[in-house]
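This briefing sets out selected features of a model with its ligand, for use beside the sequence and coordinates. The topics are the ligand environment, strand pairing and the cysteines.

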Amino acid sequence: MILAKWLDFQILGDERGSLVALEQGKIIPFEIKRVYYIYHTEKNVSRGFHAHRELKQVAICISGSCRMVLDNGLVREEVIMNSPVKGLLIDSLLWREMHDFSEDCILLVLASEHYTEADYLRDYSAFKREVGNA
Ligand code: TYD
């Protein structure tokens, strides 16, 4: 795996259960400007199909599972997301697709920028041109 960079979170567990704490500048390698989550995804729905020019994200599957595809224009990789103690660091200029959401999937995403539509590359050919691999 060269595109999928995993962050392993420390579990603060005790007899009551488990807890994970994420702090910017410690385990999260950017300033967190936005948090969003994807949940109640309908059956057979895939999401994503875009890259970002600047945005960096950490995606954490805090419940259930889904399959994440990452693509830098040359290499395509896929990973199964099913652990609340692992974060997938998604760098800028990486095409991402999300498939096979379980009914109970909650995908939490920490983002380095506010939402800006201008940062999106939603066309795969335009993405390939942008990364120089057209
Ligand atoms: P979109 O990025 O298309 O979702 P995905 O790529 O995960 O399939 O976002 C869906 C809609 O939500 C779109 O209209 C933009 C809006 N949106 C925001 O307003 N703020 C956000 O932080 C995000 C991620 C999306």
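**Ligand environment and selected features**

In this predicted model, the ligand is surrounded by Arg34, Tyr36, Ile38, Arg47, Gly48, His50, Tyr115, Tyr120 and Arg122. Sorted by class, that shell consists of four nonpolar, two polar and three charged residues.

**Polar contacts and coverage of the ligand**

- Arginine 47 places a polar side-chain atom 3.0 Å from an oxygen atom of the ligand.
- For tyrosine 120, the separation between an N or O atom of the side chain and an oxygen atom of the ligand is 2.9 Å.
- Arginine 122 also has a polar side-chain atom facing this kind of partner, at 3.4 Å from an oxygen atom of the ligand.
- Taken alone, the ligand has 530 Å² of accessible area, and the protein covers 61% of that area.
- Two or more residues of the shell come from each of the elements β2 (34-39) and β3.

**Strand pairing around β3**

- Strand β3 spans residues 47-52 and pairs with strand β8, residues 95-99, in the antiparallel sense; three bridges join the two.
- Within this pairing, methionine 98 of β8 is the residue opposite arginine 47; arginine 47 also belongs to the shell around the ligand.
- β3 has an antiparallel pairing with strand β10 (residues 120-121) as well, over two bridges.
- Here histidine 52 has tyrosine 120 of β10 as its bridge partner, and tyrosine 120 is itself among the residues around the ligand.
- As a general point, side chains in a regular strand alternate between the two faces of the sheet.

**Cysteines**

- The count of disulfides in the model is zero.
- Cysteine 61 takes part in no disulfide, and its nearest cysteine sulfur, belonging to cysteine 105, is 3.9 Å away.
- Cysteine 61 has a relative accessible area of 1% and is therefore buried, since the limit for that class is under 20%.
- Cysteine 105 likewise is in no disulfide, with the sulfur of cysteine 61 as the nearest cysteine sulfur, at 3.9 Å.
- The relative accessibility of cysteine 105 is 1%, so this residue also counts as buried.
- Why is the pair not counted as a disulfide? The sulfur atoms would have to lie within 2.5 Å, whereas the sulfur of cysteine 105 is 3.9 Å from that of cysteine 61.

Methods: Residues numbered from 1 in each chain as written. Predicted model: local features only at pLDDT ≥ 70, side-chain atom pairs only at ≥ 80, totals over all residues. Heavy atoms only, no water. Pairing = 2+ DSSP bridges. Helix = DSSP H or I, 4+ residues; strand = E, 2+ residues; numbered from the N terminus. Near = heavy atom within 4 Å. Polar contact = N/O pair within 3.5 Å; in protein donor to acceptor, adjacent residues only side chain to side chain. Areas by Shrake-Rupley, 256 points an atom, 1.4 Å probe, with all protein chains shown as cover. Nonpolar A, V, L, I, M, F, W, Y, C, P; charged D, E, K, R; others polar. Buried < 20%, exposed > 50% of the residue type's maximum accessible area, 1.4 Å probe, protein only.
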